[in-house]
Amino acid sequence: VENSMEDTIPKIGMKFCTEEETYQFYNVYAGDKGFSIRRSSSHNVKKSTTIKNRTFCCSRAGVRRPDKKEESSSYSRPETRCMCEARMKISLTDGLYCIYEFEPEHNHILASSSQVHHLRSPRKITKAQLASVENAKAVGISNKATFDLMAKEAGGVENLGFTREDMKNKLYSKRSLQINHGDTGGVLEYLEKKTSEDGKFFYSIQVDEDDLITNIFWTDSKTVADYEVFGDVVCFDTTYRKLNDGRPFGLLVGVNNHKKTIIFGAALLYDETAESFVWLFNTFLTAMSGKKPQTILTDEDAAMAKAIKIALPETHHRICIWHMNQNACKHLAGVVEDYKKFNKDFQKCIYDQEDEEDFINAWNNLLDKNTFSTDMVSTQRSESMNNELKGYISVKYDILTFFEHFERLVADKRYEEVKCDFRATQSTPKLKSDLRILRHAARIYTPAIFKVFEEQVMQTLNCDLFYCGDSNAEKEYKIKVYGKEHVVKFSASEVMVKCSCKKFEFVGILCCHALKILDINNIKKIPEQYILNRWTADAKVVHIKSNSETHEDPKTKLSKRRKELCRMYIYLANRAAVLYGCE
């Protein structure tokens with residue numbers, strides 16, 4: 001039952017259970033009238049901390065004491081106290097606090113309804129409002145945008161109950177409480193929370209003798225599951241710097257069946273020494289149950305190469321082509337006379353040479369053809385995962401905020417993956433030509449991979465074929481495309497095809513040269529041994545089924561239950577809001 005306005009006016013004889021309850025009552029009255037209050041004098045019960053009597057006064061009561069700091073400063077604070085006599089006094093009687101004196105009159109102008117939210121005592125951020133602010137901050141919405149939205153929802157700033165400065169200070173004070181025991185304690189608390197939400201969440205940290213974090217690695221159940229299916233090739237990059245102290249942030253990433261980048265794990269490192277990298281790779285293998293990638297791509301870094309030899313001796317280590325191109329651009333763009341022509345020849349040198357001898361000859365020709373000068377040429381940095389990170393993470397963030405915003409990046413990439421999965425299962429690509437091999441590919445591949453395969457099929461129309469004879473039950477052909485020759489061998493008994501371009505070995509999709517040979521030998525479907533599961537629309541189905549057969553972790557079950565209850569709560573809240581609005 002709502003109180004009438006009369007019930008909010010203090011009256012002598014009114015009784016309250018606690019001193020705090022009395023304060024809140026008077027504070028509500030003050031907000032309605034347009035003034036702020038504060039606690040003034042009080043006396044306790046003898047030999048006790050229990051308050052015997054208390055005076056609540058207008059915040060403009062009395063006079064301000066002299067401030068010695070202002071004597072040496074050109075700035076002085078405006079005077080707010082004017083000896084206002086408005087007050088309310090209470091006394092403890094028979095276990096209840098009773099109003100025994102009330103003075104309603106003020107000697108100053110009261111704040112209007114549009115000014116009340118600037119008064120100190122009536123201002124308050126509720127727990128619900130703070131939760132909304134924190135949720136907005138967690139997804140990267142600025143404080144100003146959050147405040148403006150909440151004011152709009154409340155029908156104006158004056159109805160919000162707090163100012164933008166209050167919101168900023170509240171967030172700052174809460175953040176200070178979270179990290180008051182240092183980075184280590186705050187990060188541990190965060191990681192333990194993630195572990196309670198995800199039974200397969202994995203993390204490992206190193207701290208020094210001062211209890212400061214040196215290295216951190218973390219991954220969750222989804223990234224572990226992705227690595228199980230798509231962890232044949234891993235790319236490791238530490239070129240992004242997280243904090244203003246320059247600490248490297250490393251991402252272990254791969255490619256899923258939609259040709260999208262997926263994250264296998266993340267690390268904050270103290271430095272880029274071989275020791276730190278060895279710790280990271282060993283920790284990564286522990287998280288992934290010892291499964292090693294077939295290939296790892298990295299930047300050209302001596303310490304990293306040394307660590308890979310120690311921790312991943314059976315894994316093929318390759319320099320990332322993107323980094324090779326960046327290094328060429330960085331070091332040669334300013335000294336090569338015609339960088340565009342050089343880059344074109346450089347790309348041919350990288351991609352078009354099938355034998356080591358051919359590569360060496362192409363490289364020597366490249367050096368002979370290009371002259372050097374001191375002319376400066378502008379360059380543009382390619383898009384990369386680091387550029388994507390900059391949309392989520394700032395070097396200004398403290399370590400806990402960094403973790404929270406990195407979660408946004410992971411969540412957004414997973415949402416994109418869900419959209420790709422939906423398209424792959426709920427639609428079929430439109431074929432450029434009604435060929436049986438394309439119909440077969442459309443059924444098994446994801447749309448992104450089908451598009452790559454279809455392009456190879458269409459390229460077979462540009463292939464000139466030359467039969468070279470048989471050798472050891474294999475037919476040998478030469479395929480010429482745009483003036484470049486490739487050797488293809490085919491075994492009819494084993495339905496095996498090998499091309500000198502090695503596209504299948506490199507990408508996992510048959511090249512146009514091999515597809516041409518399959519076609520002339522009346523093979524109209526992709527041979528089973530040339531269908532890599534990682535590129536199929538069903539790539540994750542087998543893994544999901546096998547996981548469902550194992551016993552589910554209690555923490556995982558609890559986390560799923562909590563998420564389900566949250567969804568139910570939101571649904572019920574929305575329904576209640578609609579029904580309440582219809583009354």
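# Salt bridges, strands and some odd phis

User: How far apart are the closest N and O atoms in the salt bridge that Asp 148 forms with Arg 164?
Analyst: A salt bridge here means a side-chain nitrogen of Lys or Arg within 4 Å of a carboxyl oxygen of Asp or Glu. Asp 148 and Arg 164 form one, and their closest N and O atoms are apart by 3.2 Å.

User: What kind of model is this?
Analyst: Residues are numbered from 1 along each chain as its sequence is written, and side-chain values use heavy atoms, with hydrogens and water left out. Local features need pLDDT of at least 70, side-chain atom pairs count only at pLDDT 80 or more, and totals for chains, interfaces and linings use all residues; what you have here is a predicted model.

User: Back to Asp 148 and Arg 164: how many residues apart in sequence are the parts that this pair ties together?
Analyst: Asp 148 forms its salt bridge with Arg 164. Asp 148 sits in helix H4 (residues 143-154) and Arg 164 in helix H5 (residues 164-178), so in sequence the parts tied together are apart by 16 residues. Helices (H or I, at least four residues) and strands (E, at least two) are DSSP runs, numbered from the N terminus. So the number you want is 16 residues.

User: Is Arg 164 buried, partly exposed or exposed?
Analyst: Buried means under 20% relative accessible area, exposed means over 50%, and partly exposed is in between (1.4 Å probe, protein chains only). Asp 148 has 33% and counts as partly exposed. Arg 164, at 33% relative accessibility, is also partly exposed.

User: Which residue meets Glu 85 in a salt bridge?
Analyst: Glu 85 is partly exposed, with a relative accessible area of 49%. Its partner is partly exposed at 21%. The side chains meet at 3.2 Å, N to O, and the partner is Arg 87.

User: Which helix holds Lys 222, the salt-bridge partner of Glu 417?
Analyst: The side chains of Glu 417 and Lys 222 meet in a salt bridge (3.1 Å, N to O). Glu 417 lies in helix H14 (residues 399-426), so this pair ties together parts that are 195 residues apart in sequence, and Lys 222 lies in helix H7.

User: Which residues are joined into one network with Lys 222?
Analyst: Lys 222 itself is partly exposed at 28% relative accessible area, whereas Glu 417 is buried at 5%. Salt bridges that share partners join Lys 222 into one network with Asp 226, Glu 417, Asp 421 and Lys 540.

User: How many salt bridges does the structure hold?
Analyst: In general, side chains of opposite charge can pair when their charged atoms come close. The count for this structure is 23 salt bridges.

User: Which strands stand at the edges of the open sheet of 5 strands?
Analyst: The strand order is S1-S5-S4-S3-S2, with antiparallel pairing. Each edge strand has a single partner strand, so one side of each is left without a neighbour in the sheet. Two strands pair if DSSP finds at least two bridges between them. The edge strands are S1 (15-16) and S2 (37-44).

User: Which residue in S5 stands opposite Met 88?
Analyst: Strand S4 (residues 87-93) and strand S5 (residues 96-103) run antiparallel, joined by 7 bridges. Opposite Met 88, in S5, stands Phe 102.

User: Which residue in S14 stands opposite Asp 464?
Analyst: Strand S13 (residues 464-471) is joined to strand S14 (residues 474-481) by 7 bridges, and the two run antiparallel. The residue opposite Asp 464 is Lys 480.

User: What is the phi of Ala 473?
Analyst: Most residues other than glycine have a negative phi. Ala 473 is found in the loop between S13 and S14 and is exposed, with a relative accessible area of 67%. Although Ala 473 is not a glycine, its phi is positive, at about 65 degrees.

User: In which loop does Met 83 lie?
Analyst: Met 83 is a residue other than glycine with a positive phi, near 60 degrees. Its loop is the one between helix H2 (68-71) and S4.

User: What separates the C-alpha atoms of Asp 237 and Cys 320?
Analyst: Asp 237 is found in strand S8 (residues 233-241) and is buried at 13% relative accessible area. Asp 237 and Cys 320 are 83 residues apart along the chain, and their C-alpha atoms are separated by 9.5 Å.
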